[in-house]
Amino acid sequence: MFKLAHGSAFFMFPGKLNSFIYKLFRLRRPIRSSTLGKHGEKLALKFLKKKKYKILRKNWRYKHSELDLVACDKDVIVFVEVRLRDKDALVRGVESISKQKMAALRRACYAYLKQYAPNVSTYRFDVIDIEHDNSSDSDTIYHFENVKLF
């Protein structure tokens, strides 16, 4: 079976034959969105560490919501949402956060503060927007600090 996915060709054959065809023609396998998400979170983690942020939690869950990263910038707790998009995407990652997602993130932030930092008075919400270029495997990172969430 021959299919087109995201502008590139990929084949579906049973087992080892599929792997052999990819190696023979040096084709790139389609990337799953969960794999891209993990890649984006790793990039964001490295980026924040370079900026001297202290990472407190990764992928902290509250009910049906998840905070990608919780960090500390000096005396401020920073909640970070990581958005990875293709460089040709029509909407940037920071603009792709829906009202429902914002409400869920807000609830998760308040739950985190209540559970782990009840006396903290300074906190903010940041978005790390990563533009991913499939053709060159390069990434461009944009850090939006103090995005309106609260």
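**Close-up views of a predicted model**

D129 is buried, with a relative accessible area of 1%, and the views that follow, all taken from a predicted model, begin with this residue.

**View 1. The buried residue D129 forms a salt bridge with R92.** The closest N and O atoms of D129 and R92 are 3.4 Å apart. Because D129 belongs to strand 6 while R92 sits in the loop between strand 5 and helix 3 (99-116), the pair ties together parts that are 37 residues apart in sequence. Whereas D129 has a relative accessible area of 1% and is buried, R92 is partly exposed, with a value of 31%.

**View 2. Strand 6 and strand 7 form an antiparallel hairpin with D137 between them.** Strand 6, made of residues 123-133, and strand 7, made of residues 138-144, pair in the antiparallel sense over seven bridges. D129, seen in the previous view, has Y142 of strand 7 as its bridge partner. Four residues stand between the two strands of this hairpin, and D137 takes a positive phi near 55° there. Most residues other than glycine have a negative phi.

**View 3. The side chains of K51 and E145 meet in a salt bridge.** The distance from N to O in this pair is 3.3 Å. Since K51 lies in the loop between helix 2 and strand 3, and E145 in the segment after strand 7, the salt bridge ties together parts that are 94 residues apart in sequence. K51 is partly exposed, with a relative accessible area of 35%, and E145 likewise counts as partly exposed, at 42% relative accessibility. Both residues belong to a network of salt bridges that also links D73, R124 and D126. A search of the whole structure finds nine salt bridges.

**View 4. Strand 5 carries F79, a buried residue.** F79 lies in strand 5, which covers residues 76-86, and at 0% relative accessibility F79 counts as buried. The C-alpha atoms of F79 and L105 are separated by 9.0 Å, although the two residues are 26 apart along the chain.

**View 5. The side chains of E81 and R83 meet in a salt bridge.** The N to O distance in this pair is 3.1 Å. E81 is buried, with a relative accessible area of 2%, and R83 also counts as buried, at 16% relative accessibility.

**View 6. Four lysines, K38, K42, K46 and K50, form a positive surface patch.** One of them, K46, lies in helix 2, which runs over residues 33-50. K46 is exposed, with a relative accessible area of 58%.

**View 7. K52 and K74 are two loop residues with a positive phi.** K52 is found in the loop between helix 2 and strand 3 (54-62), where its phi is near 70°, and its relative accessible area of 72% makes it exposed. K74 lies in the loop between strand 4 (65-73) and strand 5 (76-86); its phi is near 60°, and at 75% relative accessibility K74 counts as exposed.

**View 8. The whole protein chain comes to three helices and seven strands.** Read from the N terminus on, the elements run β-β-α-α-β-β-β-α-β-β. The protein chain has 150 residues, of which 33% count as buried.

Methods. Residues numbered from 1 in each chain as written. Predicted model: local features only at pLDDT ≥ 70, side-chain atom pairs only at ≥ 80, totals over all residues. Heavy atoms only, no water. Patch = residues over 30% accessible without salt bridge, like charges linked within 9 Å, V, L, I, M, F, W, Y side chains within 5 Å. Areas by Shrake-Rupley, 256 points an atom, 1.4 Å probe, with all protein chains shown as cover. Lys, Arg positive; Asp, Glu negative; His and termini not counted. Charge placed at Lys NZ, Arg CZ, Asp CG, Glu CD. Buried < 20%, exposed > 50% of the residue type's maximum accessible area, 1.4 Å probe, protein only. Pairing = 2+ DSSP bridges.
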